[in-house]
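Take a moment with the sequence and the model below. The paragraphs that follow walk through confidence, charged contacts and aromatic rings.

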Amino acid sequence: MENKISKDLSGQTINLVNLIDYQTGSVVSREILKKDNGSITLFAFDEGEGLSEHTAPFDAVAHILEGEAEIKISGKDNNLKKGEMIIMPAGEPHSVKSLGKFKMLLTMIKF
């Protein structure tokens, strides 16, 4: 895997909320950093959008930057709002559902 940093962001102060825009009926993502041992990705979910249940090979931290979301981990519903985060363990099934428009920063780390 290639190590990659979004070149236009390297060495700069970043306002994450303003870095990505909502698109009607879509989930928008922007990769900020990608390394062999993890990644940082910014997401914007339009109202009613989500990610179906899946697993990931890395532990992941979802940090809500704006709005509210339901993140289900191994069948347990967790409602998060701006400023809150949750850790999703590697290999555990999880899904994401918007509760209105929301933005989140997803950090995946392989230990």
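Is Glu-84 buried, partly exposed or exposed? Glu-84 is partly exposed, because its relative accessibility is 29% and the partly exposed class lies between the 20% and 50% limits. Its salt-bridge partner is Lys-81, with the closest N and O atoms 3.6 Å apart. Lys-81 is also partly exposed, at a relative accessible area of 45%.

Before going further, consider how far to trust the coordinates. This is a predicted model. The chain has an average pLDDT of 92, and 94% of the residues reach at least 70. Confidence is highest in strand S6 (residues 76-81), at a mean of 98. It is lowest in strand S1 (residues 4-5), where the mean is 58. Where pLDDT is low, the predicted coordinates should not be read in detail.

Now the other charged pairs. The structure has 5 salt bridges, and the one between Glu-84 and Lys-81 is among them. Another joins Lys-34 to Glu-31, at 4.0 Å from N to O. Lys-34 is partly exposed, with 30% relative accessibility. Glu-31 is partly exposed as well, at 27%.

A further salt bridge connects Lys-103 and Glu-66, at 3.9 Å from N to O. This pair links distant parts of the chain. Lys-103 belongs to strand S8 and Glu-66 to strand S5 (residues 59-73), 37 residues apart. What is the burial state of each partner? Lys-103 is buried, at a relative accessible area of 5%. Glu-66 is partly exposed, at 27%. So the two fall on opposite sides of the 20% limit for burial.

Lys-103 has a second contact to inspect. Its charged end sits over the ring of Tyr-22, 4.9 Å from the ring centre. Lys-103 therefore takes part in a salt bridge and also places its charge over a ring, while counting as buried.

Turn to the aromatic rings. There are 2 aromatic pairs. In one of them, Phe-45 and Phe-102 are stacked, with 4.4 Å between centres and 10 degrees between planes. Phe-45 lies in strand S3 (residues 38-45) and Phe-102 in strand S8 (residues 94-109), so the pair ties together parts 57 residues apart in sequence. Where do these two rings sit, buried or exposed? Phe-45 is buried, at 0% relative accessibility. Phe-102 is buried too, with a relative accessible area of 0%. Phe-43 joins Phe-45 and Phe-102 in one aromatic cluster.

Strand S8 is thus a good place to finish. It carries Phe-102 of the stacked pair and Lys-103 of the salt bridge to Glu-66.

Methods
Residues are numbered from 1 along each chain as its sequence is written. This is a predicted model: local features need pLDDT of at least 70, side-chain atom pairs count only at pLDDT 80 or more; totals for chains, interfaces and linings use all residues. Side-chain values use heavy atoms; hydrogens and water are left out. Rings of Phe, Tyr and Trp (its six-membered ring) pair if their centres lie within 6.5 Å; planes under 30 degrees apart count as stacked, over 60 as edge-to-face and the rest as tilted. Helices (H or I, at least four residues) and strands (E, at least two) are DSSP runs, numbered from the N terminus. Buried means under 20% relative accessible area, exposed over 50%, partly exposed in between (1.4 Å probe, protein chains only). A charge sits over a ring if NZ of Lys or CZ of Arg is within 6 Å of the ring centre and within 35 degrees of the ring normal. pLDDT is the predictor's confidence in each residue, from 0 to 100. A salt bridge is a side-chain nitrogen of Lys or Arg within 4 Å of a carboxyl oxygen of Asp or Glu.
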